[in-house]
Amino acid sequence: GHKVNQGLVVIDNLILATEHGPKGGDEVNKIEFSENYGWPISSYGEPYNFKYNDKSGYKFLKNHSKEDFQEPIYSFVPSIGISQIIKIPEDFSIFWNENFLVSSLNGRSLFRIKFDSDYKKIIYKEKIIIGERIRDVIFFKKKKLILMALEDTGSIGIIQIKNDE
């Protein structure tokens, strides 16, 4: 089960998806044929009306693999309001090779991430504060620009690196 997929990137036979979770638990998933991703049984988040002092316990199971579900590559707790994911092309910057960008609504940031070689975990993530809800992000190859759809002001944000600075 998937909740709400927000972004999708396909590279050869690899499919990566970003998915809204409940309160906490936004996910980055490696999509594989015939796998179950656990929603609505398993999540690292909780319903928005969840009370942490509630004696009845968690609403969602916290271990996907125990229930034979596919674990997310990464779960953002607290949620960032995850939106799009893109792969950064190698000719954008030598410092960003093999990197991806994940955009966020609530987090008002981009997250530059690098996966391990099997796409089973995130090696590192860097939070790049933009200060607005980012609905979408794309790479404009002709000009080597990263364009962001900024929701608060209805404007386009631009990231450009010159001379690998």
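In this predicted model, Asp68 is placed in the loop that runs between strand S3 (26–30) and strand S4 (74–76). Asp68 has a relative accessible area of 68% and is therefore exposed, since a residue counts as exposed when this value is over 50%. On the surface, Asp68 gathers with Glu32, Glu35 and Glu67 in a patch of negative charge.

The chain as a whole contains eleven strands and zero helices, so that its pattern, read along the sequence, is β-β-β-β-β-β-β-β-β-β-β. The radius of gyration of the chain is 17 Å, which is close to the 15 Å given by the globule rule for 165 residues, and the chain is therefore as compact as a globular protein of that length. Along its principal axes, the C-alpha trace spans about 55 × 35 × 20 Å. Of the 165 residues of the chain, 42% count as buried.

A surface patch of another kind, nonpolar in character, is made by Leu8, Val10 and Ile15 and covers about 260 Å². Within this patch, Val10 belongs to strand S1 (residues 4–11), and Val10 is classed as exposed because its relative accessible area, 52%, lies over the cut-off of 50%.

Charged side chains also meet in pairs, and a search of the whole structure finds six salt bridges. One of them joins Lys62 and Glu46, whose side chains meet at 2.5 Å, N to O. Both Lys62 and Glu46 lie in the loop between S3 and S4, so the pair ties together parts that are 16 residues apart in sequence. The two partners can also be described by their accessibility: Lys62, with a relative accessible area of 23%, is partly exposed, whereas Glu46 has a relative accessibility of 3% and counts as buried, because this value is under 20%.

A further salt bridge is formed by Lys144 with Asp91, and here the closest N and O atoms are 3.9 Å apart. This pair links distant parts of the chain, as Lys144 is in the loop between strand S9 (134–140) and strand S10 (145–150), while Asp91 is in the loop between strand S5 (82–87) and strand S6 (100–104), and the two residues are 53 residues apart. Lys144 is partly exposed, with a relative accessible area of 37%, and Asp91, at 40% relative accessibility, also counts as partly exposed.

The side chains of Arg133 and Glu151 likewise meet in a salt bridge, with a distance of 2.6 Å from N to O. Distant parts of the chain are linked by this pair, for Arg133 is found in the loop between strand S8 (122–129) and S9, and Glu151 in the loop between S10 and strand S11 (155–159), with their positions 18 residues apart in the numbering. Salt bridges that share partners join Arg133, Glu151 and Arg135 into one network. With regard to accessibility, Arg133 counts as partly exposed at 24%, and Glu151 counts as partly exposed at 33%; both residues fall in this class because their values lie between the cut-off of 20% for buried residues and that of 50% for exposed ones.

Key
Residues numbered from 1 in each chain as written. Predicted model: local features only at pLDDT ≥ 70, side-chain atom pairs only at ≥ 80, totals over all residues. Heavy atoms only, no water. Patch = residues over 30% accessible without salt bridge, like charges linked within 9 Å, V, L, I, M, F, W, Y side chains within 5 Å. Areas by Shrake-Rupley, 256 points an atom, 1.4 Å probe, with all protein chains shown as cover. Salt bridge = Lys/Arg side-chain N within 4 Å of Asp/Glu carboxyl O. Lys, Arg positive; Asp, Glu negative; His and termini not counted. Charge placed at Lys NZ, Arg CZ, Asp CG, Glu CD. Helix = DSSP H or I, 4+ residues; strand = E, 2+ residues; numbered from the N terminus. Buried < 20%, exposed > 50% of the residue type's maximum accessible area, 1.4 Å probe, protein only. Rg over C-alpha atoms; globule rule 2.2 N^0.38 Å.
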